[in-house]
Amino acid sequence: MALVICRRFPGSFCGTPSHPALIKNCINKKLLGKTCEDCVLTAKMISTATRVAVTLKLLKPLRYRAFCNPFTYSATQSVACWNMRSCTWHKGRDSPENSLCHPAKKVNICSTSTSRRILTTSSTLPGLEFSRVSASKASTWKPGSPRAMRVDEEEVEIFDSFEDPRGFLQLRPEYQLHSYNRSETCQPLSVSEGELILHKVTVFQDNLQPQIIADYFCKLSSLPAVQHPVLLSSASFALLCQLSVKNINLFDAPDLINILKAFVSLGIPHSHSMLDVFETEFCHKVWEMSLDQLLLVADLWRYLGRRVPRFLKIFFSYLNLHWKELSLSQLIHLIYIIGESRQAPQDLMQKLESLILKYIDLINLEEVGTICLGFFKSSNGLSEFVMRKVGDLACANMQHLSSYALVNILKMFRFTHVDHVNFMKQFGQVAPQRIPSLGVQGVMHLTLACSALRVLDEGVMNAVAASLPPRVAYCRSKDVAKILWSFGTLNYKPPNTEEFYSSLINEIHRKMPEFNQYPEHLLTCLLGLAFSEYFPSELIDFALSPGFVRLAQERSKFEVTKELYTLDGTVGIECPDYRGNRLSSHLQQEGLEMLWNLARKDMSSKPEFLEALFLLETMLGGPQYVKHHMILPHTRSSDLEVQLDVNMKPLPFNREATPIEDVAKLRLKHVGVSLTDDLMNRLLKGKSRGHFQGETESDSGQQPMKLEEEGATPVGGSLCNMADRLGAMEMADLCPSSCMQAPQVKLAIQLTNRNQYCYGSRNLLGLHNMKRRQLNQLGYRVVELSHWEWLPLLKRTRLEKLAFLHEKVFTSAL
């Protein structure tokens with residue numbers, strides 16, 4: 001016995017079913033060994049603009065045969081200029097975001113029959129040839145196969161990237177006033193009635209009024225969905241479309257909206273040139289329509305899968321004047337539209353945020369998720385005050401918050417970096433139980449939010465690591481990359497570390513074609529692995545190959561030089577046996593300059609760093625004893641280096657230092673005065689100032705140096721001091737490297753801040769932990785001026801600060 005489960009998905013019925021952008025391995029796969037002898041799909045089961053995916057769950061391992069979708073169509077008539085092409089989907093590729101065939105909510109329909117049937121319709125008029133629908137070829141499903149075992153997994157992985165975000169529209173009846181509902185269509189139309197309408201179009205084409213044209217579109221859209229492809233390819237329907245364009249200026253707003261609804265029901269391709277004309281006409285009528293009508297039009301364009309930036313720009317201008325008139329349902333729906341269109345002016349978003357606060361006590365949790373997703377997708381943040389309100393609402397009833405809304409709220413916390421402690425605590429309690437029933441994309445977003453907020457919750461991370469290996473095949477390249485990055489960033493290794501990382505590394509190998517399309521994801525994977533001390537040499541060799549580097553720079557929409565440089569520098573230190581590709585010297589220099597400019601600018605703007613640098617120079621004897629630079633440039637942060645000799649005395653190794661207090665020494669150096677025996681004798685005899693200057697001028701042949709007035713200080717004493725300082729300068733800055741003593745201890749002094757640690761802890765994040773690991777490998781001792789120690793000291797006395805620094809430097813050297 002077999003149970004046949006039929007899932008209904010919205011979207012225009014196409015010759016080849018469409019595929020949601022975020023579903024992997026769950027739709028349009030042929031069932032192996034379909035053995036149910038009788039599977040009946042009658043016309044009644046196929047509603048307007050629906051498509052059916054069938055999944056078999058065997059109750060007993062018997063051999064049955066099932067004849068199911070996809071249907072095939074044949075259309076004989078078409079018009080070259082007005083051909084309404086049906087959309088197609090190719091196996092193995094995500095449908096584009098603007099695809100017309102959109103899946104919807106899952107509705108289980110169980111139906112069995114003892115007879116095999118084929119849907120048939122008659123064709124009588126030449127203006128429209130309705131085709132006979134043939135049954136699809138049967139395939140074999142072997143009981144006990146991996147496909148059979150993964151049915152429940154696929155159910156978990158189903159995520160509808162089009163319909164799921166629209167779930168909020170069912171929460172209030174008010175949404176029906178300004179949103180499109182596929183279930184609300186004109187009266188069902190029979191095939192014969194449809195043929196009659198098309199016949200009238202052909203006969204009376206020159207005398208049809210605009211209202212009649214709009215009415216014809218509405219009625220034809222009510223034909224059975226299986227007939228839509230043939231309708232779109234008929235000459236008479238193409239003529240009707242031509243008439244609508246010809247009379248476009250004569251339609252009023254309601255007629256235009258009804259025609260657009262018909263286009264959605266029939267599945268007009270979003271790229272069709274006819275839609276350009278309709279978008280232009282809607283732009284002209286924006287100021288004549290109500291808020292409900294404008295939201296409905298925007299929703300229809302979204303449902304049609306077409307981007308309409310011109311219309312939205314005018315619509316947003318309208319809203320800037322009428323935003324205070326928005327009701328609660330209109331506000332939520334508008335934010336959804338803004339998110340899906342990925343555009344909105346900043347000033348409008350600020351006004352909408354004030355409305356959110358106005359309605360905050362009336363908004364339910366699912367609508368809160370819609371708000372967060374809309375702002376997130378449009379790259380607009382909410383203020384910290386609003387985010388804390390959102391966190392409070394979620395905390396009040398998180399057990400009843402849907403996983404979808406929870407993920408959306410976390411996305412916004414990630415975007416705004418607001419730390420809501422109570423929210424994250426409750427999230428840590430509910431998330432581990434939900435993760436096994438959450439699709440891998442939802443799991444990825446939860447994990448990425450934890451890493452972005454620097455929140456290490458071992459319960460959540462362990463649940464992610466345990467649930468992922470069995471279903472890693474459902475991951476996209478992006479999912480693999482972000483999950484590896486998150487674990488590496490949080491510097492956390494779960495109990496099943498080997499299984500977890502081996503499954504993800506194997507998946508990287510399987511998804512190499514996808515990584516070629518999104519090269520930045522491969523670099524993210526490898527950096528996340530490097531944080532966790534995993535270095536798959538064959539993948540690193542490929543990522544650093546000239547071909548892939550060139551591909552990454554050309555194809556990626558992100559700047560990848562820093563990632564390449566970080567990976568290359570890490571491999572150079574931590575993989576001494578690696579003999580594969582390395583980054584070119586030109587790109588290494590480019591990465592070095594880019595990262596040094598960022599690090600220098602960042603540190604020079606921090607007063608706590610500048611004071612530490614100044615006090616270290618004071619304590620050690622001058623700037624020549626301390627060097628601010630990037631010891632490991634690829635780690636993206638700078639350090640203060642100090643070198644000590646065998647006696648634990650600081651070495652003046654920084655030749656680039658130019659102390660301000662020694663400017664006079666440098667001027668004296670350029671004069672070229674030689675300390676000869678004769679000159680020393682004159683100095684000791686206390687010769688007059690003028691006589692000395694004359695001798696100097698005559699001996700050196702240069703202009704005398706203008707010394708600063710020293711008041712009553714004896715000239716000889718002043719010059720002796722200068723000579724002593726010049727000698728010190730010669731020893732410190734001018735001695736060649738061969739004369740310098742080799743350092744016994746090299747210190748890397750790091751001034752850390754809280755963003756380098758997991759939230760509320762002293763556990764370093766992955767990049768900074770990796771840096772310390774590499775510094776140790778190169779023989780450096782890391783001296784940390786932690787923010788919890790150094791920042792409070794800034795308010796204390798200079799002597800206390802110097803004592804603290806002295807202890808840090810010289811105690812660590814022992």
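In which kind of crossing, left-handed or right-handed, does helix 9 pass helix 11? That's the puzzle for the opening view of this predicted model.

**View A. Helix 9 packs with helix 11.** The crossing is left-handed. The axes of helix 9 (residues 291–304) and helix 11 (residues 328–341) sit 10 Å apart, at an angle of about 35°. Helix 9 brings residues including Leu 291, Leu 295 and Ala 298 to the contact, and helix 11 brings, among them, Leu 334, Tyr 336 and Ile 337. Sorted by class, this contact has 6 nonpolar, 2 polar and 4 charged residues.

**View B. Val 368 is tucked into helix 13 as a buried residue.** Its relative accessible area is just 3%. Beyond its neighbours within four places in sequence, Val 368 touches Ile 363, Val 390, Leu 393 and Ile 409.

**View C. Phe 413 and Phe 423 make a tilted ring pair.** Their ring centres are 4.8 Å apart, with the planes at 35°. Phe 413 belongs to helix 15 and Phe 423 to helix 16, so the pair ties together parts 10 residues apart in sequence. Phe 413 is buried at 1% relative accessibility, and Phe 423 is buried too, at 0%.

**View D. Tyr 501 and Tyr 534 stack.** Here the rings are 4.5 Å centre to centre, with 20° between the planes. Tyr 501 is in helix 20, while Tyr 534 is in the loop between helix 22 and helix 23, so the pair links parts 33 residues apart in sequence. Both tyrosines are buried.

**View E. Lys 746 meets the ring of Tyr 780.** The lysine's charged end sits over that ring, 4.5 Å from its centre.

Terms used: Residues numbered from 1 in each chain as written. Predicted model: local features only at pLDDT ≥ 70, side-chain atom pairs only at ≥ 80, totals over all residues. Heavy atoms only, no water. Helix = DSSP H or I, 4+ residues; strand = E, 2+ residues; numbered from the N terminus. Buried < 20%, exposed > 50% of the residue type's maximum accessible area, 1.4 Å probe, protein only. Contact = heavy atoms within 4.5 Å. Axes fitted to C-alpha atoms, helices over the stretch in contact; angles between N-to-C directions. Left-handed = near helix turned anticlockwise from the far one by under 90°. Nonpolar A, V, L, I, M, F, W, Y, C, P; charged D, E, K, R; others polar. Phe/Tyr/Trp six-rings, centres within 6.5 Å; stacked < 30°, edge-to-face > 60°. Lys NZ or Arg CZ within 6 Å of the ring centre and 35° of its normal.
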